[in-house]
Amino acid sequence: MPLRIVFMGTPDFSVPTLRALAGAGHEIVAVYTQPPRAAGRRGLELTSSPVQREAERLGVEVRTPVSLKGETEQQAFAALNADVAAVVAYGLLLPKPVLDAPRLGCLNGHASLLPRWRGAAPIQRAIMAGDVETGMMVMRMEEGLDTGPVGLVEKVVIGADMTAGDLHDRLMDAGAALMVEGLRRLETGALSFTEQSKEGVTYAKKIDKGETRIDWTRPAPDVHNAIRGLSPFPGAWCEVAVGGKPERLKLLRSTLADGMQAGEPGEILDGQLTVACGSGAVRLTEVQKAGGKPAAADDFLRGTRLEKGTRLS
């Protein structure tokens, strides 16, 4: 029997799961997502979330409450008589009356190997920390932040030069398939849950703009992990003097440059955008000038001449 599902999600990351659940023949009785936000150049246009746009395409009712703490919203949720809620990057904590309303509870698709990287930015934080493995998990939700027992896991290797954007897309697709499988097992009573370990708990706090400027005095692996962990958004950056004035340069991809000669932190060491760090060096492979488009290092250097010895700050 198909399940009656409430889907709760907001960003692009959530869309493949919504699409996969609908494609699996389940009845999506409503979609909850964050309200439209101001966007556009002047911030005056209200833009619906990616999940709202997909739900409208599927012809599913969309609800956009700013909070689920009120009794009226909780009663409206319970009145849906859902079998289960499937939650992927929704953006609101679910209070206990909401968690308890669906017959089979609420399942969350989370992009880390819990209990490591509970919280808001698990993909970025895993890369920035130099983790070599992460994954998707389907867990039963509790009142705590990502504390519930885990039902399904799919591990994913983090490549040496993989960016947060690359990993986002890999986990996004893996998460959709995993949630479909989780609900298939839940429907037949074959989904068992394991409590999370109390050891190894870490929290993936939101990315702060203050940590996006590259500190070239850090060791090369730390610089490399920061660049790829912040790519493509919000983007690591530095400043470089072009024509006598500083310009912001967004750093999108890099690789460790083994065997390079030492230089002062931030010093360009060759004609390939290899930059010295506190120890070791990184080679910048994709960058973006302010107001420009992302460009491979070779293409960038054809339009912007940066001599060996130039300092990035």
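This text walks through a predicted model of one protein chain, from its overall dimensions to a helix pair and a set of salt bridges.

The protein chain holds eight helices and 16 strands. Its C-alpha trace spans about 65 × 45 × 30 Å along the principal axes. Of its 313 residues, 48% count as buried. The surface that the protein chain exposes comes to about 15300 Å², and carbon and sulfur atoms supply 50% of that area. Among contacts with a separation of 6 or more in the protein chain, 65% join residues that are 24 or more positions apart.

Two packed helices are described by the angle between their axes and the distance between the axes. For helix H1 (residues 15-23) and helix H6 (residues 164-188), the angle is about 35° and the axes lie 8 Å apart. The crossing of H1 and H6 is right-handed. On the H1 side, the residues in contact are Pro-16, Thr-17, Ala-20 and Leu-21. They meet Met-172, Asp-173, Gly-175, Ala-176, Met-179, Val-180 and Leu-183 of H6. Sorted by class, the contact of H1 with H6 is made by eight nonpolar, two polar and one charged residues.

H1 also takes part in the surroundings of helix H2 (residues 50-58). The buried residues of H2 are Pro-50, Val-51, Gln-52, Glu-54 and Ala-55. These buried residues pack against H1 and against three strands, S1 (4-9), S2 (27-32) and S5 (62-63). Just after H2, Gly-59 has a positive phi of about 75°.

One residue on that buried list, Glu-54, is also charged and has a partner. Side chains of opposite charge can pair when their charged atoms come close. The side chains of Glu-54 and Arg-57 meet in a salt bridge, with an N to O distance of 2.7 Å. Both residues lie in H2, three residues apart, which is about one turn of the helix. An α-helix has 3.6 residues a turn, so residues three or four places apart point the same way. The two ends of this bridge are nevertheless covered to unlike degrees. Glu-54 counts as buried because its relative accessibility is 7%, under the 20% limit. Arg-57 has a relative accessible area of 56% and is therefore exposed, the limit being over 50%. The bridge also belongs to a network of salt bridges that links Arg-19, Glu-54 and Arg-57.

How many salt bridges does the count give in this model? The count comes to 19 salt bridges. Two further examples can be set beside the pair in H2. In helix H8 (residues 297-303), Arg-302 and Asp-299 are three residues apart, again about one turn of the helix. Their side chains meet in a salt bridge at 2.2 Å, N to O. Arg-302 is exposed, with a relative accessible area of 64%, while Asp-299 counts as partly exposed at 42% relative accessibility.

The other example joins the side chains of Arg-218 and Asp-222, which meet in a salt bridge at 2.7 Å, N to O. Here Arg-218 is partly exposed, with a relative accessible area of 44%. Asp-222 is partly exposed as well, with a relative accessible area of 30%.

Key. Residues numbered from 1 in each chain as written. Predicted model: local features only at pLDDT ≥ 70, side-chain atom pairs only at ≥ 80, totals over all residues. Heavy atoms only, no water. Axes fitted to C-alpha atoms, helices over the stretch in contact; angles between N-to-C directions. Helix = DSSP H or I, 4+ residues; strand = E, 2+ residues; numbered from the N terminus. Left-handed = near helix turned anticlockwise from the far one by under 90°. Contact = heavy atoms within 4.5 Å. Nonpolar A, V, L, I, M, F, W, Y, C, P; charged D, E, K, R; others polar. Buried < 20%, exposed > 50% of the residue type's maximum accessible area, 1.4 Å probe, protein only. Areas by Shrake-Rupley, 256 points an atom, 1.4 Å probe, with all protein chains shown as cover. Salt bridge = Lys/Arg side-chain N within 4 Å of Asp/Glu carboxyl O.
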